[in-house]
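Colleague: Before we go through this model, could you set each term against its definition as we reach it? I would like to see how every label is earned.

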Amino acid sequence: MVKNTSRVPGRHALHIPGPTPVPDRILRAIDTPIIDHRGPEFSKLAKRCLDGIKTIFKTTNPVIIYTATGTGAWEGALVNTLSPGDRVLMVETGQFANQWKTMAERLGLKPEFIKTDWRQGLDPNVIETALRADKNKEIKAVCVLHNETSTGALTPIAEVRKAIDAAGHPALLMVDTISSLASADYRHDEWGVDVTVGGSQKGLMLPPGMSFNAVSDKALAVGKTSKMTKSFWAWDDMLNMNKVGYFPYTPATPMLQGLAVAIDMLHEEGLDNVFARHARLAEATRRAIGGWGLENLNKNASQYSPTLTAVMLPDGHNADQFRALALEIFNISYGASFGAYAGKYFRIGHLGDINDTMLMGGLAATEMALQLAGVPIKKGGAQAAMDYLVSAHGGAKKQAAE
Ligand SMILES: *Cc1c(COP(=O)(O)O)cnc(C)c1O
């Protein structure tokens, strides 16, 4: 087939694990005239966002809103609480954990990086063991990912909290929720998290470019003695200005307009329903993979991610070539692969503003693309996903007796 057209009809199937498709209602909210960021209308918008975002992190403490991608909020978490040379405990769950560790090193911290099998996720016991071994309590923070986006593994944060408490260790707990916030249950206050890092472009259904630090009283108190160099990321300027409804610099007004609507939408659906929808779509995706006879990169069923699933291809099949073919023929994008498994898997994102119909379009395209790429699969993965979704919605009505 010769491609002689520059037009690609229909919608792009954006099945990467973020950025995620932005709902029309949010696009319209963003597409409005710019308002004065020192005027009264702005302070109302800011208050709506600053109050509303607490309900998403499940905290009664302030949440700092940065005009930056998630990486910026990673930096905000570290530089506001720590001092040069501080030891931090991190676990190598995958590529994103690697990147946060690299940032900690560049900032002059001393990360202790626990190696972990990328196919198993984080075992909270390793944290307890490492903290018990730290007799002089030199480790100042434990930094983990709620959802490791490179592998599709969800860490049980409440158990990480328990591990820290069991070791009787005073280290701060910092959690990256960039690819799980507003998609998987998360409780900043109840789980005793000191700094939670979030981003706009995944479960929150917004464009990239906004990120968050939810903070505990302990993090704020420790922050008073932090000696890391900081200016743009400094919490105190931000918190002082936020109290009166403003920001220390020009905030991304359109993004805040989108955020206010995103928070409304999440509550209109109900957070528990949002989480159940993500769990259902994730299970349907896993049924499809099983139906094709392919493997999930994550072998630990107790830590399956509700927001993305990494699909291993059999030896001899290159996942990057597969993704290119699927994009060309079916206009669908998947996430790439990393580390020792680069080229061996692709990631299906199923988070944000996505429903059963969109997922099934994506899984059907994936089944067709796998066949076109010559990957040896069993047919019927998409059917297995449909069967699961039918059962999840109450099961097929009994056929009338013949
Ligand atoms: C996407 C992501 C990041 C990086 O966020 P950016 O917005 O790209 O800076 C960090 N951590 C996790 C877990 C992510 O999923």
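Modeller: I will begin with the largest pocket, which is lined by 21 residues, with His12, Leu14, Pro21, Asp353 and Met358 lying nearest its centre. This is a predicted model, in which local features need pLDDT of at least 70 and side-chain atom pairs count only at pLDDT 80 or more, while totals for chains, interfaces and linings use all residues. Residues are numbered from 1 along each chain as its sequence is written, and side-chain values use heavy atoms, with hydrogens and water left out.

Colleague: What makes a set of points a pocket and not a cavity?

Modeller: On a 1 Å grid over the protein atoms alone, a pocket is an open set with protein on both sides within 12 Å along at least five of seven lines, whereas a cavity holds points where a 1.4 Å probe fits but cannot get out; lining residues have an atom within 4 Å of a point. The largest pocket has a volume of about 390 Å³, and strand 1 (13-15), helix 1 (24-30) and helix 12 (356-372) each give two or more residues to its lining. By class, this lining has 11 nonpolar, seven polar and three charged residues.

Colleague: How many cavities of 30 Å³ or more does the rule give, and which residues line the largest cavity?

Modeller: The count comes to one cavity of 30 Å³ or more, and the largest cavity has a volume of about 40 Å³. Its lining is made up of Ile65, Tyr66, Thr67, Met210, Phe247, Pro251, Ala252 and Leu256, which divide into seven nonpolar, one polar and no charged.

Colleague: Why is the relation of helix 12 to helix 13 called roughly parallel or roughly antiparallel?

Modeller: The axes of helix 12 and helix 13 (residues 381-392) come within 8 Å and cross at roughly 160°. Angles over 145 degrees count as roughly antiparallel and those under 35 as roughly parallel, and helix 12 and helix 13 are therefore roughly antiparallel to each other. In the contact, which means heavy atoms within 4.5 Å, Asp356, Met360, Leu363, Ala364 and Glu367 of helix 12 meet Gly381, Ala382, Ala385, Met386 and Leu389 of helix 13. Seven of these contact residues are nonpolar, one is polar and two are charged.

Colleague: And what is helix 10 to helix 12, roughly parallel or roughly antiparallel?

Modeller: Helix 10 (residues 271-292) and helix 12 have axes that come within 11 Å and cross at roughly 20°, and that makes helix 10 roughly parallel to helix 12. Here Arg280, Leu281, Ala284, Thr285, Ala288 and Trp292 in helix 10 meet Asp356, Leu359, Leu363, Thr366, Glu367 and Leu370 in helix 12, a contact of seven nonpolar, two polar and three charged residues.

Colleague: Which residues bring helix 11 against helix 12, and how do they divide by class?

Modeller: Phe322, Leu325, Ala326, Ile329 and Phe330 in helix 11 meet Ala365, Thr366, Met368, Ala369, Leu370 and Leu372 in helix 12, and by class there are 10 nonpolar, one polar and no charged residues. The axes of helix 11 (residues 319-330) and helix 12 come within 9 Å and cross at roughly 115°.

Colleague: Where do the backbone values of Pro19 and Lys58 fall in the chain?

Modeller: Pro19 is in the loop between strand 1 and helix 1, and the peptide bond to it from Gly18 is called cis, with omega near 0°. Lys58, in the loop between helix 2 (40-57) and strand 2 (63-66), has phi near 55°, a positive value in a residue other than glycine.

How values were computed: Points joined across faces, edges and corners; volume = space filled by probe spheres on them. Helix = DSSP H or I, 4+ residues; strand = E, 2+ residues; numbered from the N terminus. Nonpolar A, V, L, I, M, F, W, Y, C, P; charged D, E, K, R; others polar. Axes fitted to C-alpha atoms, helices over the stretch in contact; angles between N-to-C directions. Parallel < 35°, antiparallel > 145°, perpendicular 65-115°, else oblique.
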